[in-house]
Amino acid sequence: MRILLRLGVILGAAGLAWLAITPSSVLSQAQAAEPDEETHDIGVPHAGCSFFGAKREDFLRVGLGASLMAMTARAELTTLVAAAIPSSALVPRSRGRAFDKFPGQGDSIDDFIFGELKLRGIPPALPATDSEFLRRVTLDLTGRIPTQQEVIAFLSDADTEKRGRKVSELLAASQWADRWAMFFGDLYHNTIVTAQVNRYVDGRDAFHLFLLESLRQNKPYDQLVREMLASTGAADGRNYPDEYATYEQFQQITSDYQGNPVKPTGASYIVGGLTTGGPVQDTYDALAAATARDLLGISHMDCILCHDGRNHLDALSVWGAGAKRAQGWGLAAFFSQTRLTRPRRLPPPPEGQQPLRPQYWIVAGDERGDYRLNTTTGNRPARQPASDAAAVVAPPAYPFGGGGNAGGESHGEALGRLLTADKQFARAAVNYVWREFFGRGIVEPPDQFDPARLDPAAPPPDPWTIQPSHPALLEFLAGEFIEQGFDLQWLMSEIANSSAYQLSSKYEGVWNPTYETYFARHQVRRLRAEELHDALLISGGLPAQYTVSPAIGAVTFAMQFPDVQLVPRVPRREQTGLLGATPSFLDSFFRGDRDETARSGEGSILQALQLMNSPLVLARVDARRQGTALAAIVEQADDVAVQLLYLRVLSRPPTAEELSSGVQTLRSGERTAKAEDLMWSLYNKVDFIFNY
Amino acid sequence: MNERDRFESVLRKRPHPHVPFFQRPQWTRRRFFRSLAAGVGGYYLAGPWSPGLSKAAAAVETKNTAKQVIFLFLEGAPSGVDTFDLKETPGVTPADFAPETINGVRIPTGILGGTAQIFDKVAVIRSGSAWALAHPLAQTWFQIGRNPTSPLGKYAPHIGSVVAIEKEPERRPDQIFPAFIALNAANAPGSGYLPVQFSPFKTQPEAGGLATTEHAAGESRFRERWDLLASMDSVLRGPQSPLGKAATGMGELYANAESLMFNPLVAGAFGFSEQESARYGGSGFGNACLIARKIVEADQGTRFIQVTLGGWDHHQGIYDRQEVNGREVGSNIYAQCGQFDPAFAALVSDLEASGHLDETLIVVSGEFGRTVGPLTNANNGRDHYLQMFYVFAGGGVKGGTVIGETDPTGAFTIDAGWSRYRDVRPEDVEATIYSALGINWTKVRDDDPLGRGFEYVPNSDEDAYGPVDELWT
């Protein structure tokens, strides 16, 4: 490890030296340097161990590490409710066949990323340490921090393949599906109420369950999207008659969640397009705009649906500048046989009862539906034929490469078939996913793809440049994603196992902001609202029980919420307790509303106030409170207690320096109070708040 | 061409035909009223941005008479004909509304008795009209001042966020409150594409003060913790953080947060006594208005305060008065006004007494109006309706003014009462707020994510909307 540090210094001093060293050789040196012959006594600081020092992984392996392992095995230190991680790890996938390469490029993420760095003479950061990697990959894949046991087990594992094994293990965990259901819920704007439409609790839940179930099965992503676009029926997946004979029947059917449960369906994606205050074409257009944005990463389609791109998008998109409104109509026409309805009429309620309103949408097909060019009012400019002789109906026509309804399929099925066969679909998907791991897309922002600026072999006219930072990598990943059957877990495994992803977030040399585009170091990000909440539970104990809805039931972790709006709902009597503190805590970390306001990773004063003062934090740093992890930790000897606090809160052992000053802190006053202060400080440290 | 024709022509040219049939001669408006049950909605504005237009502002004269705004948002849509555009319909209007003529205006003192006392400081616009009749759509519309369905509607900031970013340069170094505070407004839109720094600081009134600025373990304990944190994290959160830009700001963020804690200014502005609360009616809304007043008086850089009061959606039993222990309860106009009236009256008179009313524009509005005439047959309520009212006070607005006149039923405008000779739209209210604060409402920002140019008030290059200057005369 020391060799690595020295290497870093050398590299920092003479960046060009890098050119002589391939990335793989750096990594193999890192592994070769791993075993450290030095041993350490418990509690004795070792001078070489700085915060980002190379030795702390080894610290646990000897002496204290061993005793900690034994202790955690015997002691019930926690009331932690962490879902068990299935032991059945995914079988590592092979890389498959060779690909059509861009000249001089390779066939793995690392070849592209490090190739580009080498070409530009940008030295990359050093590889992340094991504990950095473990926390990072656990957060990115599952939205949780690793438990203390997981940290110890991973750090004390001598297997050189342990990082790959960890990735497989995390991909197979139920938490993986939770975290990515949250991601796709954001991407598809699945929320209960938007400015336009109320999906209702059950409709939102059914969509959430559809995403969750699909992820649990690792359903091919193209299949997921095809199912979503072709969804029909009640948007909450429940069974309803066309008409109700009596009011009692309506009440019985809608309130019986046992006999008539909410079932997974993507129909609420379609419901989200509902647009009021205009003709039905406004709804078709909204669905086309959402589809282009979410599934193709092309949000300029929304502009095209009002007017040709010329004189509007000239400065924004080469493709957009030449796009015609009729192309937008062609896409929107795929939704023209979709009807969004609610039951019109209910039997009257018994005397003296307020009538209930039906709280569900039906997505129905109507084969007679057309996209008619006959509007003069509404949310978008008039839709009229180009001339008297022109067609009055816009037929479904896929705007990127053509194609329509081939017969024997619904319009929704036709769109799903054409769209998922378009390579842009794969590009958009891998780019959205890539961004979650690297902090920025290969195309950034990921919803503003310009299809005319992707191919270096066909460059756009001056002064335009190629849009992706790594065009060949994007093509490679998209092509492989298709080749692998749109396997999201394959994609994430490929990313998480890459050395590019496993670079340190700390940079040894002089950082130039332009390096960011080239992924020369790992980009840190603030934990998301749900991740922070869950990290408090995992590290501090006091598991929560949030009752969400009839279909979702009760959950412990915020990452299991089906929505970001109005969850959790807190009963009045619990508003002063821990549960009551949760909504404002989550909101302060800008989880967005999946409608007007996007999730944001920005910082705010409110976040600092929450982390310093929220009952969610303060209750967990209360050693006298039953059920906190701290209550058990203060029973331990000083050095063990400090180690445990670091392991639990920061998912890493303390450096020697941190250990000795932590021990000193405990001895500097009333011990329990000092332990509380130490834990509080750890919760407010940058390396708790950030994924680094 | 008169103003109204010009407006229609602007909207036609935009090219969205915004003006619905019911906006034309009055009889069609009535037809619209009848067709409400069929679910006819509003018609919307969404002007595409013309190319080559300078991303600047037209030369306009703002009123610049207000330093800050308190926006009382009555969600659910209050009935106008029962409140600020009272229509006394025999056999319909309850006798206990006890209307009296004050400054020549009929006020239902039975439900707005406090407001009647300060009516000389209040201006009412009766020629208001919403664009949409669905709650979430119209609520968002009002708060962002534009059609949420328009392309930039999806990125548009809350009006309060625009005020916050515009007023940021005027912030003094000693001012520590957020620029935009939203009370009881959990669902208010955020800062849109503007930096989150300008998003609403959302909180609920609590007698003890701003909950997150209190440290349960006490101040001395907090200080110890703060020092320990500083000793442990100074490198990572410092200006040379090895983790880069994102972490570098953490030190400052925490310092700013810390300045709000154990701060008498914060405790004074966000906490209140039982006695103070009682004066504002003792409700959550009243407490929020009380805090709004204290925030204004604290002069700590807050320029936009929203207080939301939901529960005005009286489809059923709007007159079904219920009293329990002398308090109006239930879902009816009495209970709602029972919360609104004492709080509004105390807010206006207290700001007046402390000398802050002249510099504080108070705006009261729902997201649309409610049906007029007899109550609905089935439910004794009032349904959604476009005709609506707005109430203003302070901020240089002339009190005792009534702008616009509706027909004897309150169903439609017969005299718009202002220079544009048409109904006053949410966008006009938005322009009025900006003008009062000295913000050029025609400004176009060039930093929006679509590169279209973000107009503070939509279509302002064509002067489609503008402030209701008549409020000042």
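B:F73 has B:T308 as its bridge partner in β7(B). This is a predicted model, and the strand β7 of chain B, residues 304-309, is a useful place to start reading it. The points below cover that strand, a hairpin in chain B, a sheet in chain A, two packed helices, a buried helix, one residue in a short strand, and the contact between the chains.

**Strand β7 of chain B and its partners**
- Strand β1 of chain B, residues 68-74, runs parallel to β7(B), and 6 bridges join the two.
- Strand β5 of chain B, residues 180-183, also runs parallel to β7(B), joined to it by 4 bridges.
- One of the residues paired here is B:L183, whose bridge partner in β7(B) is B:V307.
- How many residues of β7(B) are buried? The count is 6 of its 6 residues, and the strand is described as mostly covered.
- On one side of β7(B) the buried residues are B:F304, B:Q306 and B:T308, and on the other they are B:I305, B:V307 and B:L309, which leaves both faces covered.

**A hairpin in chain B**
- Strands β2 (residues 99-102) and β3 (residues 105-108) of chain B pair in the antiparallel sense over 4 bridges.
- B:P99 is matched with B:P108, its bridge partner in β3(B).
- The hairpin formed by β2(B) and β3(B) has 2 residues between the strands, and B:N103 in the turn has a positive phi of about 55 degrees.

**An open sheet in chain A**
- Chain A has an open sheet of 3 strands in the order β1-β3-β2, with antiparallel pairing.
- Why do β1 (233-234) and β2 (338-341) of chain A each have one side without a neighbour in the sheet? Both stand at the edges and each has a single partner strand, so one side of each is left free of a neighbour in the sheet.
- β2(A) pairs with strand β3 of chain A, residues 362-365, in the antiparallel sense over 4 bridges.
- Within that pairing, A:V363 in β3(A) is the bridge partner of A:L340.

**Two packed helices in chain B**
- The axes of helix α11 (residues 284-298) and helix α12 (residues 333-353) of chain B come within 8 Å and cross at roughly 15 degrees.
- That angle makes α11(B) roughly parallel to α12(B), and their crossing is right-handed.
- Residues of α11(B) in the contact include B:F285, B:C289 and B:V296, while those of α12(B) include B:F340, B:A343 and B:L347.
- By class, this contact has 9 nonpolar, 2 polar and 2 charged residues.

**A helix in chain A with buried residues**
- In helix α8 of chain A, residues 162-172, the residues A:K166, A:V167, A:S168, A:E169, A:L170 and A:L171 are buried.
- The cover over the buried residues of α8(A) includes α6 (130-142), α7 (148-155), α9 (174-187) and α21 (488-496) of chain A.

**Residue B:Q322**
- B:Q322 lies in strand β8 of chain B, residues 322-324.
- B:Q322 has 13 other C-beta atoms within 10 Å and is therefore partly exposed.
- Leaving aside neighbours within four places in sequence, B:Q322 is in contact with B:V329, B:G330 and B:N332.
- B:A335 is 13 residues from B:Q322 along the chain, and their C-alpha atoms are separated by 7.9 Å.

**Where the chains meet**
- The contact between the chains involves 56 residues of chain B and 58 residues of chain A.
- On the side of chain B that touches chain A, the elements giving two or more residues are α4 (135-144), β6 (201-203), α6 (219-233), α7 (245-248) and α8 (250-260) of chain B.
- That side of chain B has 33 nonpolar, 16 polar and 7 charged residues.

Methods:
Residues are numbered from 1 along each chain as its sequence is written. Chains are lettered from A and ligands numbered from 1 in the order in which they are written. This is a predicted model: local features need pLDDT of at least 70, side-chain atom pairs count only at pLDDT 80 or more; totals for chains, interfaces and linings use all residues. Two strands pair if DSSP finds at least two bridges between them. A residue is buried if 20 or more other C-beta atoms lie within 10 Å of its own, exposed if 12 or fewer, and partly exposed in between; C-beta atoms are placed from the backbone. Two residues are in contact if their C-beta atoms, placed from the backbone, lie within 7 Å. Ala, Val, Leu, Ile, Met, Phe, Trp, Tyr, Cys and Pro count as nonpolar, Asp, Glu, Lys and Arg as charged, and the others, Gly among them, as polar. Axes are lines fitted to C-alpha atoms, for helices over the stretch in contact, and angles run from 0 to 180 degrees between N-to-C directions. Angles under 35 degrees count as roughly parallel, over 145 as roughly antiparallel, 65 to 115 as roughly perpendicular and the rest as oblique. A crossing is left-handed if the near helix is turned anticlockwise from the far one by less than a right angle, and right-handed if clockwise.
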